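Here are some friendly notes to read alongside the structure. Take the points in order, with the model open beside you.

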Amino acid sequence: MKFETTKFKHNVIPIKDIRKRSKDFYNLIKKRRSIREFNSQDLDDNIIKNAILAAGTAPNGANLQPWHFVIIKNKKIKKKIRKAAEKEEFKFYNKTAPKEWLNALKPLGTNENKIFLEEAPILIAVFEKKFTIKRKIKIKNYYVKESVGIATGILISCLHYAGLCMLTHTPSPMSFLNKILNRPTNEKPFLLLVVGFPKLNCNIPKFATQKKSINQISSWI
Ligand code: IYR
């Protein structure tokens, strides 16, 4: 493909508004919390569609867009995913997880029970594509983890901005998602986003509300 350009149109905003908007965004995003208790209130497809389209604008390696999103609404499939995830999580919590890891998870109070995978109205399985197959030819993708990570961040930000709650769930290993969702082997599950509204009186771990200060997370030189 040859190099062509097109004019960039930037929306110029006065600096005082930029200041305000940066603060507004921080005030909004700092309210995001991972929740694990969902009610079953349905969502319309357009809300999720817009969030997926937003994720698809993420900066990524060579604009090859190495991602695929599967939106799961079907109750039977959610049940299958819950069963398979709980099987893996049981092994994790009772056999394979190192003590150190289990200790790090203690303040979150997580365990192998993943009822939310059935209760939440929407699951979004995010897949990363190490390569793409076009007419039986393998096309390599670049910076796949970075690209899919950024896309997922935008997806989460969009859903939170819209007013929804989420959990980024990462059962390990997640290859059961390929089987259940019928995805090809060039796609690897990146994470499972559980989306919906919190149950009445939904609890969250206090520990997760404590965020590091600006001095702890940044150096200015
Ligand atoms: N995948 C497990 C364990 C887990 C791991 C991390 I790191 C967390 O931040 C939370 C949970 C689970 O989902 O329970």
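**Notes on the model**

1. Let us begin with Asn60, whose side chain reaches the backbone nitrogen of Leu64 at 3.0 Å. The side chain of Asn60 also reaches the backbone nitrogen of Gln65, at 2.8 Å. Please keep in mind throughout that this is a predicted model.

2. Where does Asn60 sit? Asn60 is found in the loop that runs between helix 2 (45-55) and strand 1 (67-72). Although placed in a loop, Asn60 counts as buried, because its relative accessibility is 17% and the cut-off for buried is under 20%.

3. Now turn to the ligand. Which residues are around the ligand? They are Glu89, Phe92, Tyr93, Trp101, Leu105, Leu108, Thr110, Asn111, Lys114, His169 and Thr170. If you prefer to think in elements, helix 3 (75-96) and helix 4 (99-105) each supply at least two residues of this shell. Helix 3 gives the most, with 3 residues.

4. Several polar atoms are worth finding here. A polar side-chain atom of Tyr93 lies 2.5 Å from an oxygen atom of the ligand. From Glu89, an N or O atom in the side chain is 3.2 Å from a nitrogen atom of the ligand. Thr170 takes part through its backbone, where a polar atom is 3.1 Å from a nitrogen atom of the ligand. As for cover, the ligand taken alone exposes 380 Å², and the protein buries 71% of that.

5. Some residues of the shell deserve a second look for their rings. How many aromatic pairs are there? The count comes to 2 aromatic pairs. In one of them, Phe92 and Tyr93 meet edge-to-face, with 5.0 Å from centre to centre and 90 degrees between the planes. Phe92 also pairs with Trp101, again edge-to-face, at 4.8 Å centre to centre and 80 degrees between the planes. Phe92, Tyr93 and Trp101 form one aromatic cluster.

6. Are the members of this cluster buried or exposed? Phe92 and Tyr93 are both buried. For Phe92 the relative accessible area is 9%, whereas Trp101 counts as partly exposed because its relative accessibility is 45%, and partly exposed runs from 20% to 50%.

7. Another ring to visit is that of Phe131. The charged end of Lys138 sits over this ring, 4.5 Å from the centre of the ring.

8. Finally, the cysteines. How many disulfides does a search of the whole structure find? The search finds 0 disulfides. A disulfide is a covalent bond between the sulfur atoms of two cysteines. Why does Cys158 not form one? The closest cysteine sulfur to that of Cys158 is in Cys165, 14 Å away, and therefore too far for a bond. The sulfur of Cys202 also has its closest cysteine sulfur in Cys165, at 7.4 Å, which is too far for a bond as well, since the two sulfur atoms of a disulfide must be within 2.5 Å.

9. Cys158 and Cys202 can also be placed by their cover. Cys158 is partly exposed, with a relative accessible area of 23%. Cys202 is partly exposed too, with a relative accessible area of 21%.

Note on methods:
Residues are numbered from 1 along each chain as its sequence is written. This is a predicted model: local features need pLDDT of at least 70, side-chain atom pairs count only at pLDDT 80 or more; totals for chains, interfaces and linings use all residues. Side-chain values use heavy atoms; hydrogens and water are left out. Rings of Phe, Tyr and Trp (its six-membered ring) pair if their centres lie within 6.5 Å; planes under 30 degrees apart count as stacked, over 60 as edge-to-face and the rest as tilted. Buried means under 20% relative accessible area, exposed over 50%, partly exposed in between (1.4 Å probe, protein chains only). A charge sits over a ring if NZ of Lys or CZ of Arg is within 6 Å of the ring centre and within 35 degrees of the ring normal. A residue is near a molecule or strand if one of its heavy atoms lies within 4 Å of it. A polar contact is a pair of N or O atoms within 3.5 Å; within protein, one must be able to donate a hydrogen and the other to accept it, and residues adjacent in sequence count only if both atoms are side-chain atoms. Accessible areas come from the Shrake-Rupley method with a 1.4 Å probe; for residues, only the protein chains shown count as cover. Helices (H or I, at least four residues) and strands (E, at least two) are DSSP runs, numbered from the N terminus.
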